[in-house]
Amino acid sequence: MHELIELFKNIINPEWIINSGGLFLLLFIIFAETGLLFGFFLPGDSLLFVAGIFLPKFVDFVSTNFFPANGLIVILMIVIVAIAGNFVGYWIGRKSGPYLFTRPDTFFYKKKHLLTAQEFFDKNGGFALIMGRFVPIIRTFVPVISGIVGLDFRRFSVYNVVGAFAWVFSMMLAGFYLQKIFLNQWGIDLGKHIEVIALGIIFLSLIPVLLKFREAKKALD
């Protein structure tokens with residue numbers, strides 16, 4: 001049990017993910033968070049930001065082991081798995097449909113998250129796929145809701161691609177350029193303060209979700 005707790009603590013730690021699994025584990029986690037229902041707890045935003053800080057290391061890894069690469073190629077690799085993840089989520093929604101709303105809760109599945117994503121989708125339509133990329137839990141379940149309600153696949157594909165590019169590029173480039181600015185201007189290596197940065201990003205990104213749950217609780221009361 002202790003080992004499982006430690007593994008869970010590590011798997012939501014962006015620094016551990018990058019140091020232990022590198023690019024491959026990063027790609028899998030982005031795919032899982034955007035396409036698999038159990039990925040809702042994974043640290044997508046903070047992971048991408050930290051990946052931007054360590055982008056040169058990823059470039060060296062790809063160039064050394066596979067093919068000549070640059071930062072743009074590595075970011076595009078991550079965009080591709082983010083797009084693929086949402087397609088899987090859409091497929092799950094189309095195939096599972098109403099069953100997901102009657103499925104009992106488990107550790108890896110909470111119906112309340114699906115209902116929150118449905119409300120978000122109802123308010124924002126297809127644009128929820130773009131905006132939801134920046135909101136934990138929402139980005140995991142909105143593609144599923146899109147499949148359940150039968151959102152036109154072409155429209156879904158456009159929103160999916162635009163959202164993936166906006167999310168991955170903004171988060172990674174923010175990490176990359178802020179690392180350069182802090183290092184060049186003040187001699188501060190953000191790579192040595194990953195835990196604080198990750199906690200800050202997780203807290204900020206969870207604010208919309210917490211507000212949604214608060215509104216839902218008030219409505220029930």
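The chain holds 11 helices and 0 strands, and its elements accordingly read α-α-α-α-α-α-α-α-α-α-α from the N terminus on. The model is a predicted one. Of the 221 residues in the chain, 46% are buried. The chain exposes about 11500 Å², of which carbon and sulfur atoms supply 68%. Contacts reach well along the sequence: among those between residues at least 6 apart, 75% join residues at least 24 apart.

A good place to start looking at the interior is the largest nonpolar core, which has 40 residues. The members that touch the most others are Leu26, Ile30, Leu48, Val74, Ile78, Val168 and Met172. Two or more residues of this core come from each of helices H2 (14-35), H3 (44-53), H4 (55-65), H5 (71-96), H10 (153-186) and H11 (194-220). H2 gives the largest share, with 8 residues. Val168 offers a handy view of the packing: beyond its neighbours within four places in sequence, this residue is in contact with Leu48, Ile75, Ile78, Val79 and Ala82. Apart from this core lies another, made up of 23 residues and including Tyr90, Ala117, Ile138 and Val142.

Helix H9 (residues 138-148) also deserves a look. This helix is mostly covered, with 10 of its 11 residues buried. The buried set runs through Ile138, Arg139, Thr140, Phe141, Val142, Pro143, Val144, Ile145, Ser146 and Gly147, and thus includes Arg139, Thr140 and Ser146 alongside residues such as Phe141 and Ile145. After H9 comes Gly150, where phi is positive, near 75°.

Notes: Residues numbered from 1 in each chain as written. Predicted model: local features only at pLDDT ≥ 70, side-chain atom pairs only at ≥ 80, totals over all residues. Heavy atoms only, no water. Core = buried A, V, L, I, M, F, W, Y, C linked by side-chain atoms within 4.5 Å. Buried < 20%, exposed > 50% of the residue type's maximum accessible area, 1.4 Å probe, protein only. Helix = DSSP H or I, 4+ residues; strand = E, 2+ residues; numbered from the N terminus. Contact = heavy atoms within 4.5 Å. Areas by Shrake-Rupley, 256 points an atom, 1.4 Å probe, with all protein chains shown as cover.
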